[in-house]
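Subject: Structure handover

Hello,

Here is the structure for your next round of work. My notes on it follow below.

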Amino acid sequence: MLYILRRVAFYLAAFFVAVTLNFFIPRIMPGDPSARIIASFQGRLNEAQVEAIRASYGTTGSLWEQYVGYVGQVLRMDFGISTVQFPEPTSSLLFYGATWTLVLVGIAITLAFLIGTMMGIHAAWNRGGFFDSVFTPINVMLNAFTPAVVALLLFYAFSLQLQWFPLGRAHSTGLMPGWNLQFVGNVLYHATLPVLSILIVSFGGWHLGMRNVMINLLNEDFVILARAKGLSDRRVRYRYVARNAILPQITSLALSVGFLLGGALVTEQVFNYPGLGKFTVTAIESRDYSFIQAQLLLLTMSVLVANFLSDIANVILDPRLRKG
Amino acid sequence: MDNKKMKTLKSLAMATVGVAALALSAPAMAQDDRVVLTLHPIDSDALIENFNPNNPTGPQQMVRDFAYEPLWIDNIWNPEEDFPALATSFEIAEDLMSITYTLREGVKWNDGEDFNADDVVFTFEYAKANVDYPMGIDVYVEETDTGTVVSAEKIDDYTVKFNLKHPDALARYALGGIYPLPEHIWAEIEDPKNFANIDPVATGPWTEIENFSRSSVELCRNETSRYNEENAIDCLRFLQLNGNEQIIAAMSAGEVDWLGTGLTDPEITFTPQSEFNNYWLPAGGDVNLQINTTKAPFNDLEFRKALSVAIDRDTLVDISTFGLTTHTRFPVGTGEAYATWLDEAALEPYTWLMQYDPDRAMELLDAAGFVDADGDGFRDNPDGTPIAFEINIPNGWTDWINSGQTISENLQDVGVNAVVRTMDQGAWNDKARTGDFDSYIMWTNGGPTPYNTYNPMFNPRNMEAGRVDYQAMHQMRLPEVEEALQAFRSTADRDAQQEQMTAIHIAVAENLPIIGLFANPTWYEYSTRNFEGWVTEENPYVRPVVFEGTRERVIHALSLKPISR
């Protein structure tokens, strides 16, 4: 219990620091939100109009006043209006982007975790065997690829040349979103290549992580004992070794899930996928303070929450922590 | 070999392909018999439900010209064949102090209300009252003594007179471009810039918003439009698309018909992708090197001359910009965009300034005292201070970054230490305004006459630190140009205007406040998959640009006819 309380105190402090940084980081960058709006008129504005636009879209008041206002907004969960796409509320754009990021990165992480972990278990169990000696080096190599290269290759080969898959977007144009087979199928079809591009570079990590921990555990006394007792291979492999080896994997999974809401920047750009990463790039380019702040906050919160959940999961799964 | 594991993998792979195949057959798109033209005037990450005609960050690209009509559509390429829109004629007063428009009778807003002079007067008053909602009207402001249009006066239900502050022969171009708003709707809108205008009330050929989603939206036929008899297109479709590769790919796949997207190597990256892909890139505005003449060494005319002849423009055109840009002959800053205004005989003596001659550059620099004083291999100012300057370009603007690198190499060849500095666009925007920079590569603004380029370039108001305009970054005041511009707009006589323009050209060539580089292409790509009647090099009936700011684009759209297959 003390352990959990200590963690909660830590998370609250971290949250407050993050909120403060979220406020200052965009403001340290040169450029202000009205610059893009004014620039889009290409000099057709007179002085009075430039001043009026700057007053209404630029930020007014001293930095301290702005900060106090911002903290108040955060506490009310009011993220203001996007200056890039006014008068759209930031929260509505954020929600839209987050939905597609969850679909894209959510599927990719789940598949990567499942495939990678399973492959890791098999590689470790049959250490030095055919599967291990072929797939472990391959996965090490794939893991070293950057998503940019993979995404571009997939896009070029399967979208542009062979035209097996769409050129991008989350679903076909003119198709109205809804919970029906047609729409869900269409979304999955559109997500295939983007998901693959993340999957290919990420399951190797899960494979290696699982394999390493498993191999360490294989020499532990309790495993030798279990074998000596004559338990089945299957039982030892999954109930004894894999169950213990999965603990660090869960911690990493929590981290990935936390970072999930950062979006998959490169993949989203290549496949024109309307996720958070894409929105964030545009928001940063045009100094859309409210969007940058809200997105950073969302990311911070999801990382903190995911970590907190993994702490709890560890306490449940690992009896040693309960004493601490 | 472990057969079981291989099987697991195999079935997994099969399952993935299976899902994909299933999905492939699933989206049987609703086929209807509407004729839909898909055009792409603006990139976005997600479409926003906002159709406010004066919101520059997106909506006006979709609704101006198509839903909202201006008073007059100037045909910039063919001035004699212009198009009356909501006005049927106009008259400029003898003293150039007012312009009177006769409005079209019988036009209805799509909600059934009549369009008349009250709407036009209201539009002017509304622009005056809402300064932070720019409607493109240059309203005169008494406090600051800026602007041109003093008032809009209703003569009768279908006649409106605009009164001007100064005699102005050019005001008709701006006034003709006013997009009148329906008074019965907008009079109640208190905060127009934040008004989303979800149901546009307008008079144009397409006014009805349909099928809005974050990824596409359609603007469909206005049943009360006077164009309906000739208009073959039921709906205009706008897609959420971003990034040149995505956009080109979408056209190749038949998803888009009309684009204005940057291309690199079109014969390799564009035309082979689809038999229907076509492009034409007529010369557009000039791209110039804007140098800060308030600083050494740019404040020295001899240095500026040397700079100009040290630049290898053939390389810029053929290699740095992928062969898509074109040369400009005279150092006047506007290139060939206004070819009819060039007095070739008067400008002949300055053509050498646009020709690559590194030896001459070195002679000029030596003669003016720009020599290597400290022995570091680079030339220094005559007073011994070193020369080292930056050419600022935004990240990712490939053709300009290439150009900057070529210029930097050219200058280093003649001993001038210049380097390219790339930065993110926000920082680039911001730095420009301060007036504290060395040099920028910069586009030029255009318009119906070269006045529209030179006025922002030489307006002293655009040179004040903190509000330096992109066009006037050189910050060099040329009184003879200022006077000639004033005289230019004070007469409607073409010959008198020509005389002033030649004076401006000579002053610019003589002083080199900016260094001309090349003329940008006008980006225009179209697909002949679904429509015919496109503007082509052989039939350039209007400017083919898809972006807002080209009022003719509605004429282009109305000229397209579906190809039946």
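Among contacts in chain A between residues at least 6 apart in sequence, what percentage join residues at least 24 apart? The share is 75%. Please keep in mind that this is a predicted model.

Chain A overall

Chain A has 14 helices and 0 strands. Read from the N terminus, every element is therefore α, as the DSSP runs define them. The C-alpha trace spans about 85 × 60 × 35 Å along its principal axes. The chain holds 324 residues, and 50% of them count as buried. It exposes about 15,100 Å². Carbon and sulfur atoms supply 70% of that area.

Now the charges. Chain A carries 22 positive and 15 negative side chains. The centres of the two sets lie 13 Å apart. On the surface, K229(A), R235(A), R239(A) and R243(A) form a positive patch. One of these, R243(A), sits in helix 10, residues 233-260 of chain A. R243(A) has 53% relative accessibility, so it counts as exposed.

Salt bridges

Side chains of opposite charge can pair when their charged atoms come close. Over all chains, the structure holds 31 salt bridges. Three pairs in chain B are described here.

Start with E548(B) and R64(B). They form a salt bridge, with the closest N and O atoms 2.7 Å apart. E548(B) lies in the loop between strand 19 (531-532) and helix 17 (553-559) of chain B, and R64(B) in the loop between helix 2 (59-63) and strand 2 (72-73), so the pair ties together parts 484 residues apart in sequence. Both residues are buried.

Next come R551(B) and D74(B). Their side chains meet in a salt bridge at 3.2 Å, N to O. This pair also links distant parts of the chain, 477 residues apart. R551(B) is in the loop between strand 19 and helix 17 of chain B. D74(B) is in the loop between strand 2 and strand 3 (83-84) of chain B. Are these two residues buried or exposed? R551(B) has a relative accessible area of 17%, so it is buried. D74(B) has 6% relative accessibility and therefore counts as buried.

The third pair is R329(B) and E344(B). Their side chains meet in a salt bridge at 3.2 Å, N to O. R329(B) is in the loop between helix 9 (313-320) and helix 10 (344-347) of chain B, and E344(B) is in helix 10 of chain B. The two are 15 residues apart. R329(B) has a relative accessible area of 35%, so it is partly exposed. E344(B), at 41% relative accessibility, counts as partly exposed.

There is also a network. Salt bridges that share partners join R34(B), E210(B), E218(B) and R237(B).

Negative patch on chain B

Which residues gather in a patch of negative charge on the surface? They are E49(B), D199(B), E208(B) and E223(B). E49(B) is placed in the loop between strand 1 (36-39) and helix 2 of chain B. At 32% relative accessibility, E49(B) counts as partly exposed. A residue needs over 30% relative accessible area to join a patch, so E49(B) meets that cut-off.

Best wishes

Technical notes:
Residues are numbered from 1 along each chain as its sequence is written. Chains are lettered from A and ligands numbered from 1 in the order in which they are written. This is a predicted model: local features need pLDDT of at least 70, side-chain atom pairs count only at pLDDT 80 or more; totals for chains, interfaces and linings use all residues. Side-chain values use heavy atoms; hydrogens and water are left out. Helices (H or I, at least four residues) and strands (E, at least two) are DSSP runs, numbered from the N terminus. Buried means under 20% relative accessible area, exposed over 50%, partly exposed in between (1.4 Å probe, protein chains only). Contact means heavy atoms within 4.5 Å. Accessible areas come from the Shrake-Rupley method with a 1.4 Å probe; for residues, only the protein chains shown count as cover. Lys and Arg count as positive and Asp and Glu as negative; His and the chain ends are not counted. The place of a charge is taken as NZ of Lys, CZ of Arg, CG of Asp or CD of Glu. A salt bridge is a side-chain nitrogen of Lys or Arg within 4 Å of a carboxyl oxygen of Asp or Glu. Patches are made of residues with over 30% relative accessible area and no salt bridge: like charges are joined within 9 Å, nonpolar side chains (Val, Leu, Ile, Met, Phe, Trp, Tyr) within 5 Å.
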